[in-house]
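Got the model open in your viewer? Keep the selection box handy and follow along, one stop at a time.

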Number of protein chains: 2
Amino acid sequence: MERQRKKSRNTKQRAVILDILKKGGYHPTAEAIYQEARKVIPNISLGTVYRNLNFLREQGLAREIRSDSDSSSRFEGKCPPHAHFHCTKCNAILDLPFPQCLEEIPWKGETHISSVNSLDLHVIGACSHCGPAAS
Amino acid sequence: MERQRKKSRNTKQRAVILDILKKGGYHPTAEAIYQEARKVIPNISLGTVYRNLNFLREQGLAREIRSDSDSSSRFEGKCPPHAHFHCTKCNAILDLPFPQCLEEIPWKGETHISSVNSLDLHVIGACSHCGPAAS
DNA sequence: GTAATTGCAAAAGATTTGCCCCATT
DNA sequence: AATGGGGCAAATCTTTTGCAATTAC
């Protein structure tokens, strides 16, 4: 409710990055966003991409996703809650519906928890494209 | 089922690191493990800590935990499935029971998933020590 | 004795930051 | 004009790696 608390400007760079993030089902790394943005603003810098991603994250307009298998963060635009599937073979990340059963789980039973902001569910496995089993 | 597939030696370093990981409810970073290990083996090197953590992870004796909010990985010893609570204020990580409802969720409905290896559930919020709300 | 493992230090990869200039407001 | 934001490059942080020496087996 206090989004946009600090003065900000509508720069072309920020708009382009936000645009890229809005493409659904897409989970680009900062580097990928940089490459994509360069198609529109050829001399945009990687530092600007990172600064904007951080800014947008703080404003609640972007989300950072870290998987156990990937060394760099991935990002996605603001969107309704969902889980993420990670393919351990091709490293793809797919959106999954968020299981309703989690919506109501009473963490209240946990005396060490004061409040819950969000849930983060990652499903690790192999995607249908990479096929099953065999390490 | 093919754990311990390669020859390995029982070095003091490895034993100490494994010992540290065995302390339950503790989710140290590599650096923290390094500091802790130094109390026992003062000249152990950080590289060795990382090498052993990777080795133990491959053997299934350690697990790496990456949260969307923390820049460095945390580690824990082998233990039954559970979720993790992250306090956004003090950065603490606590173990939570794993919701049973997730055990049976049919991801089969998802045509893009071939097989599921594991689930990773992170609950983000404030711990009782840090108290509720107010950013 | 042999090869896995270590310590050390350099390297690599990802992200952040300082500085000065430019552009939005 | 004021100042937030950008470009560039250097700096920082985390993790990995090459190598010679060491040690478990």
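**Stop 1: two helices in chain A**

Start by selecting α1(A) and helix α2 (residues 30-38) of chain A, which pack at an angle of about 115° with their axes 10 Å apart. (Axes here are lines fitted to C-alpha atoms, for helices over the stretch in contact, and angles run from 0 to 180 degrees between N-to-C directions.) The helices and strands are DSSP runs numbered from the N terminus: H or I of at least four residues for a helix, E of at least two for a strand.

The pair crosses in a right-handed way. That label applies if the near helix is turned clockwise from the far one by less than a right angle, and left-handed if anticlockwise. Now show side chains: Val16(A), Ile17(A), Ile20(A) and Leu21(A) from α1(A) meet Ile33(A), Glu36(A) and Ala37(A) from α2(A), where contact means heavy atoms within 4.5 Å. Color by class and you get six nonpolar residues, no polar ones and one charged. For that coloring, Ala, Val, Leu, Ile, Met, Phe, Trp, Tyr, Cys and Pro count as nonpolar, Asp, Glu, Lys and Arg as charged, and the others, Gly among them, as polar.

A word on ground rules: this is a predicted model, so local features need pLDDT of at least 70 and side-chain atom pairs count only at pLDDT 80 or more, while totals for chains, interfaces and linings use all residues. Residues are numbered from 1 along each chain as its sequence is written, chains are lettered from A and ligands numbered from 1 in the order in which they are written, and side-chain values use heavy atoms, with hydrogens and water left out.

**Stop 2: all of chain A**

Zoom out to chain A, with its three helices and five strands. Walk from the N terminus and the order is α-α-α-β-β-β-β-β. Along the principal axes, the C-alpha atoms fill a box of roughly 45 × 45 × 20 Å.

**Stop 3: over to chain B**

Next, select α1(B) and helix α2 (residues 30-38) of chain B: their axes come within 10 Å and cross at roughly 115°. This crossing is right-handed. Side chains to show are Val16(B), Ile17(B), Ile20(B) and Leu21(B) on α1(B), plus Ile33(B), Glu36(B) and Ala37(B) on α2(B). By class, that contact splits into six nonpolar, no polar and one charged.

Keep α1 (residues 12-22) of chain B and add helix α3 (residues 46-58) of chain B; this pair packs at about 70°, axes 10 Å apart. That makes α1(B) roughly perpendicular to α3(B), a term for angles of 65 to 115 degrees (under 35 is roughly parallel, over 145 roughly antiparallel, and the rest oblique). The crossing is right-handed. On the α1(B) side, pick Gln13(B), Arg14(B), Ile17(B), Leu18(B) and Leu21(B); on the α3(B) side, pick Thr48(B), Val49(B), Asn52(B), Leu53(B), Phe55(B) and Leu56(B). The tally for this contact is seven nonpolar, three polar and one charged.

**Stop 4: DNA strand C**

Which residues are closest to DNA strand C? Of the 22 that surround it, the closest are Tyr50(A), Asn54(A), Arg9(B), Thr11(B) and Thr48(B). (Near means that one of a residue's heavy atoms lies within 4 Å.) Sugar and phosphate make up 63% of the strand C atoms that come within 4 Å of the protein.

Now for polar contacts, that is, pairs of N or O atoms within 3.5 Å; within protein, one must be able to donate a hydrogen and the other to accept it, and residues adjacent in sequence count only if both atoms are side-chain atoms. Zoom to Thr48(B), where a polar side-chain atom lies 2.5 Å from a phosphate oxygen of strand C. At Ser45(B), a polar backbone atom is 3.1 Å from a phosphate oxygen. An N or O atom in the Gln13(B) side chain sits 3.0 Å from a sugar or linking oxygen.

Which helix gives the most to this surface? Select α3(A), with five residues. By class, the surface has three nonpolar, 13 polar and six charged residues.

**Stop 5: DNA strand D**

Finally, select DNA strand D and its 21 surrounding residues, the closest being Arg9(A), Thr11(A), Gln13(A), Thr48(A) and Tyr50(B). Head for Arg51(A): an N or O atom in its side chain is 3.2 Å from a base oxygen of strand D. The Asn54(B) side chain instead places an N or O atom 3.1 Å from a phosphate oxygen. Here α3(B) gives the most to the surface, with five residues.
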